[in-house]
Amino acid sequence: MIRNKVFITATLAGGLLLLPSTGWAATPVATDIELQVDGQELTVEGYTVNHSLYASYAAIARELGADADWKEQTGSLTLQLGDDRIAFAEGSTTSTLFQADGEVLIPVRKAFEAFGYTVSYNAASRSVNVQAAGAAAPSATDTSGDDDVGNGVNGNTTDDSVTSDTYAGLLPVSILTDLKPDQNTGTRIEGVIANSDYVFTADMDTRELYRIDITTGAAEVLTVLPRTGTGMALDESGNLYIASGGEEGLIYKVNADDLKGDPFDGSQVETFVSGVAGANGLAFDREGTLYVTGGATGNIYAVTPEGQLRTYASGLTAERPEQAIVVNGIAVGTDGYVYTANTSSGEVNRFTIEDDGTVDQPQLIAKSELLYGADGLTIGPDGNLYIAANERNAIVKVTLDGTVTDIARNGNNGPLEFPASLSFVGNTLYISNFDLPRGSNNPNTPGIGSSIAKLELE
Ligand SMILES: [Ca+2]
Ligand SMILES: [Ca+2]
Ligand SMILES: [Ca+2]
């Protein structure tokens with residue numbers, strides 16, 4: 001393995017690069033060399049300088065989960081993750097950076113190696129390959145002692161060594177339950193909500209509502225919903241509400257007593273309200289008003305405890321055309337504002353609810369590429385927002401003043417696999433793995449598949 005240098009020999013042989021034979025090539029030149037991180041192509045413009053691959057610091061920081069501090073005035077940049085830190089500066093002889101095409105470019109190898117990754121160049125595929133520590137050499141047995149997913153169950157023979165622990169500075173994630181022990185893909189669960197006894201989720205295809213023992217992880221099918229269920233919420237009395245999207249969106253209600261008893265027929269499931277097109281995320285405020293996101297419609301709905309519906313057009317738009325959902329996860333903050341996740345644009349927005357129940361214009365709280373795929377959103381015991389960034393296999397923390405950081409993240413072997421929704425009980429966060437093959441979870445064939453993951457806040 002080439003560890004000391006990223007050779008761009010193929011480019012040179014092809015005559016695409018004209019570098020001076022001596023001295024410093026100070027001009028970045030665009031290249032078609034691919035950057036692969038843990039086997040997955042990173043969509044980023046690559047440049048070569050003096051035979052080394054350079055790329056945007058923002059993209060690299062995002063992959064690392066590192067905090068980046070760019071100071072334009074001094075031309076200096078630091079990346080920090082936990083105790084690990086590296087500095088770059090314009091004109092530095094050891095760790096230089098360049099500005100080109102409006103981007104600040106840093107050397108890929110130096111940046112990743114500073115955080116314990118190994119870097120190699122494959123001339124045949126014209127790709128620079130970056131691997132997390134421990135990811136390159138699968139061990140035959142799982143000696144970690146964790147209940148992580150890479151333990152050979154589910155036919156997961158691809159790699160026993162990758163757990164979220166391999167990402168320095170991030171919180172470890174474990175699996176509470178694997179909903180399909182004989183499959184590692186093929187089932188889709190989106191919504192999740194937990195109380196002190198159970199975690200609830202629903203299979204979008206079979207419409208089965210699962211009740212999962214929060215201690216043992218034992219899962220059973222409680223009922224079969226009339227239609228597909230997505231986002232979930234519990235009211236003060238412990239009744240369960242389940243969004244069902246589509247043009248004829250509606251919200252189901254399951255009574256608290258039914259949640260504790262024997263499995264029951266789907267005809268017992270009430271329709272609480274209809275007319276909520278695109279219904280996706282649900283959240284109650286303290287007065288018992290239920291707020292509902294309308295997905296790609298951009299609507300926010302407010303439903304009184306009596307079932308009276310108000311519809312508000314947020315006016316939020318989709319920045320990335322391939323992803324149309326602009327209001328997804330929703331939560332009511334400790335400050336009384338309603339917060340929503342814009343999956344397309346990587347934003348958190350907040351809304352003031354007026355005394356007459358009308359919803360004010362959205363305010364932007366945070367916008368970050370870390371929030372691409374922002375799906376479920378909930379409030380932590382610390383009052384911060386926690387968001388499942390589904391296409392990044394990441395859980396992201398957003399403070400109410402807009403600071404964005406990853407708290408958990410992994411490649412496409414889990415334990416996070418396109419995480420869709422999340423729910424706290426105390427300091428424990430329960431997460432539904434939807435396992436869609438997109439972004440960092442593409443392909444979705446390795447790993448545990450649809451499952452409930454969990455992590456503990458420190
Ligand atoms: Ca499985
Ligand atoms: Ca959602
Ligand atoms: Ca998977």
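**Calcium sites, ring contacts and backbone geometry in a predicted model**

Good morning. I begin with the calcium ion (ligand 3), whose donors are Glu417 (OE), Asp435 (OD), Asp435 (OD), Asn444 (O) and Pro446 (O), at 2.5 to 3.1 Å. Along the chain, these donors follow the spacing E-x17-D-x8-N-x1-P. Asn444 and Pro446 are both buried. Please keep in mind throughout that this is a predicted model.

Before going further, a word on confidence. The protein chain has a mean pLDDT of 85, and 86% of its residues reach 70 or more. Which residues fall under 50 at the start of the chain? Residues 1–25 do, and the model has 53 contacts for them beyond four places in sequence. A further stretch, residues 136–166, also has pLDDT below 50, with 54 contacts in the model beyond near neighbours in sequence. Where pLDDT is low, the predicted coordinates should not be read in detail.

Let me return to the surroundings of the calcium ion (ligand 3). Asn412 is located in the loop between strand 33 and strand 34. Is Asn412 buried or exposed? Its relative accessibility is 17%, and the limit for buried is under 20%, so Asn412 counts as buried. Leaving aside residues up to four places away in sequence, Asn412 touches Asn393, Glu417, Ser440, Asn441, Asn442, Pro443 and Pro446. Among these, Glu417 and Pro446 are also donors to the calcium ion (ligand 3). With Pro443 there is a polar approach as well: a polar atom of the Asn412 side chain lies 3.0 Å from the backbone oxygen of Pro443.

Pro443 deserves attention for its backbone too. The peptide bond joining Asn442 and Pro443 is cis, with omega about 0 degrees. Pro443 is placed in the loop between strand 35 and strand 36. A cis bond also runs from Gly414 to Pro415, where omega is near 10 degrees. Pro415 belongs to the loop between strand 33 and strand 34, the loop that also holds Asn412.

I turn now to the calcium ion (ligand 1). Which atoms coordinate the calcium ion (ligand 1)? The donors are Asp178 (OD), Asp178 (OD), Lys180 (O), Gln183 (O) and Ile448 (O), at 2.2 to 2.6 Å. In sequence, the donor residues are spaced D-x1-K-x2-Q-x264-I. Of these donors, Gln183 has a relative accessibility of 29% and therefore counts as partly exposed.

The next topic is aromatic contacts. How many aromatic pairs does a search of the whole structure find? It finds 10. One pair is Tyr57 with Trp70, which is tilted, at 6.4 Å centre to centre and 40 degrees between the planes. This pair links distant parts of the chain, with Tyr57 in helix 2 (residues 57–64) and Trp70 in strand 6 (residues 67–71), 13 residues apart. Tyr57 is buried, with 18% relative accessible area.

A tilted pair is also formed by Phe418 and Phe434, at 5.8 Å centre to centre and 40 degrees between the planes. Here too the pair links distant parts of the chain: Phe418 is in the loop between strand 33 (404–409) and strand 34 (419–425), while Phe434 is in the loop between strand 35 (428–433) and strand 36 (451–456), 16 residues apart. Phe418 is buried at 2% relative accessibility, and Phe434 is buried at 9%. Elsewhere, Tyr241, Phe272 and Phe284 make up one aromatic cluster.

Rings also meet charges in this model. The charged end of Arg350 sits over the ring of Tyr337, 3.7 Å from the ring centre. Likewise, the charged end of Arg211 sits over the ring of Tyr198, 5.1 Å from the ring centre.

I close with backbone torsions. Most residues other than glycine have a negative phi, and most peptide bonds are trans. Against that background, Asp101 has a positive phi, near 50 degrees. Asp101 is found in the loop between strand 9 (96–100) and strand 10 (103–107), and it is exposed, with a relative accessible area of 65%. Arg207 likewise has a positive phi, near 70 degrees. Its place is in the loop between strand 15 (198–203) and strand 16 (208–213). At 31% relative accessibility, Arg207 counts as partly exposed.

Thank you for your attention.

Methods. Residues numbered from 1 in each chain as written. Chains lettered and ligands numbered in written order. Predicted model: local features only at pLDDT ≥ 70, side-chain atom pairs only at ≥ 80, totals over all residues. Heavy atoms only, no water. Donors = N, O, S within 2.8 Å, 3.2 Å for Na, K, Ca; no water. Buried < 20%, exposed > 50% of the residue type's maximum accessible area, 1.4 Å probe, protein only. Phe/Tyr/Trp six-rings, centres within 6.5 Å; stacked < 30°, edge-to-face > 60°. Helix = DSSP H or I, 4+ residues; strand = E, 2+ residues; numbered from the N terminus. Lys NZ or Arg CZ within 6 Å of the ring centre and 35° of its normal. pLDDT = per-residue confidence, 0-100. Contact = heavy atoms within 4.5 Å. Polar contact = N/O pair within 3.5 Å; in protein donor to acceptor, adjacent residues only side chain to side chain.
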